[in-house]
Amino acid sequence: MEKDEDLEKFACELQDQIMEKTRKQYSETVINHWQNPRNFRKIDNPDGHAKVKGPCGDTMEMFIKMKDEKISECGFQTDGCATTIVCGSLATELALNKSFTQALGLISADFILKQLGGLPEPDVHCAQLAAETIRGALTDCLSQKRSPWKKYYRQN
Ligand code: FES
């Protein structure tokens, strides 16, 4: 019994130490998206889709659905690090309920970094990957709108 309590105490202390270290490097917004990622899902039959590989070899995919000229659904998946999930989560939130042009004008790596209160230098490319992927999905929306028949040749 005592051993279990000791182990639990040790685990709690370790977790506190990790969180304390994380808080020194990352903003509350980053930690919030890290602990509760938004829109981490694939969307079937999307109006826009992109899959991008970052310089680190991690991949991100974004899926967009449009309704009444606005982004009604936006989801992402990644095999990347926790910061990549944070950036993808924020990017999808930023895109929701925006028009195609609003989202394209708004979402960039710089804007994601600003919204997150910055990231340590080694994580900056995660924001670039999220921005590039969502911009690719938005561009794909436009291309599908111009040539709707292309959708039937895709495998998403
Ligand atoms: S470490 Fe590669 S995208 Fe985050």
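Visitor: Which strands does helix 6 lie across, and at what angle does helix 6 run to strand 1?
Guide: This is a predicted model. In the model, helix 6 lies across strand 1 and strand 2. Its angle to strand 1 is about 145°.

Visitor: Which strands does helix 3 lie across?
Guide: Helix 3 lies across strand 2 and strand 3. It runs at about 170° to strand 3. Angles over 145 degrees count as roughly antiparallel, so helix 3 is roughly antiparallel to strand 3.

Visitor: Why is helix 3 called oblique to helix 6?
Guide: Start with the crossing angle. The axes of helix 3 (residues 82-95) and helix 6 (residues 124-146) cross at roughly 40° and come within 8 Å. That angle makes the pair oblique. The cut-off for roughly parallel is under 35 degrees, and roughly perpendicular runs from 65 to 115. The value of roughly 40° fits neither class. The crossing is right-handed.

Visitor: Which residues make the contact between helix 3 and helix 6?
Guide: Helix 3 brings Thr 83, Thr 84, Cys 87, Gly 88, Ala 91 and Ala 95. Helix 6 answers with Cys 126, Ala 127, Leu 129, Ala 130, Ala 131 and Ile 134. By class, the contact has 9 nonpolar, 3 polar and no charged residues. Gly counts as polar here, so Gly 88 falls in the polar group.

Visitor: What makes helix 2 and helix 3 roughly perpendicular?
Guide: Helix 2 (residues 28-35) packs on helix 3 at an angle of about 95°, with the axes 8 Å apart. The perpendicular class covers 65 to 115 degrees. The two helices are therefore roughly perpendicular to each other. Val 30, His 33 and Trp 34 of helix 2 meet Ala 82, Ile 85, Val 86, Ser 89 and Leu 90 of helix 3. These residues divide into 6 nonpolar, 2 polar and no charged.

Visitor: Why is one side of strand 1 and of strand 3 left without a neighbour in the sheet?
Guide: The sheet is open, with 3 strands in the order 1-2-3 and antiparallel pairing. Strand 1 and strand 3 stand at the edges, each with a single partner strand, so one side of each has no neighbour in the sheet. Neighbouring strands are turned by 15° against each other on average, direction ignored.

Visitor: What makes strand 1 and strand 2 a pair?
Guide: Pairing needs at least two bridges. Strand 1 (residues 48-53) and strand 2 (residues 59-67) have 6 and run antiparallel. Lys 53 stands opposite Thr 59 in strand 2. The hairpin has 5 residues between the strands, and Gly 57 takes a positive phi near 100° there.

Visitor: How many bridges join strand 2 to strand 3?
Guide: There are 8, against a cut-off of at least two, so strand 2 and strand 3 pair. Strand 3 covers residues 70-78 and runs antiparallel to strand 2. Ile 64 stands opposite Cys 74 in strand 3, and Lys 67 has Lys 70 as its bridge partner. The hairpin has 2 residues between its strands. Asp 68 in the turn has a positive phi of about 50°.

Visitor: What is the overall pattern along the sequence?
Guide: The pattern reads α-α-β-β-β-α-α-α-α. That is 6 helices and 3 strands. The C-alpha atoms fill a box of roughly 65 × 30 × 30 Å along the principal axes.

Visitor: What share of the residues is buried?
Guide: Buried residues make up 35% of the 156. To count as buried, a residue needs 20 or more other C-beta atoms within 10 Å of its own.

Methods: Residues are numbered from 1 along each chain as its sequence is written. This is a predicted model: local features need pLDDT of at least 70, side-chain atom pairs count only at pLDDT 80 or more; totals for chains, interfaces and linings use all residues. Axes are lines fitted to C-alpha atoms, for helices over the stretch in contact, and angles run from 0 to 180 degrees between N-to-C directions. Helices (H or I, at least four residues) and strands (E, at least two) are DSSP runs, numbered from the N terminus. A crossing is left-handed if the near helix is turned anticlockwise from the far one by less than a right angle, and right-handed if clockwise. Two residues are in contact if their C-beta atoms, placed from the backbone, lie within 7 Å. A residue is buried if 20 or more other C-beta atoms lie within 10 Å of its own, exposed if 12 or fewer, and partly exposed in between; C-beta atoms are placed from the backbone.
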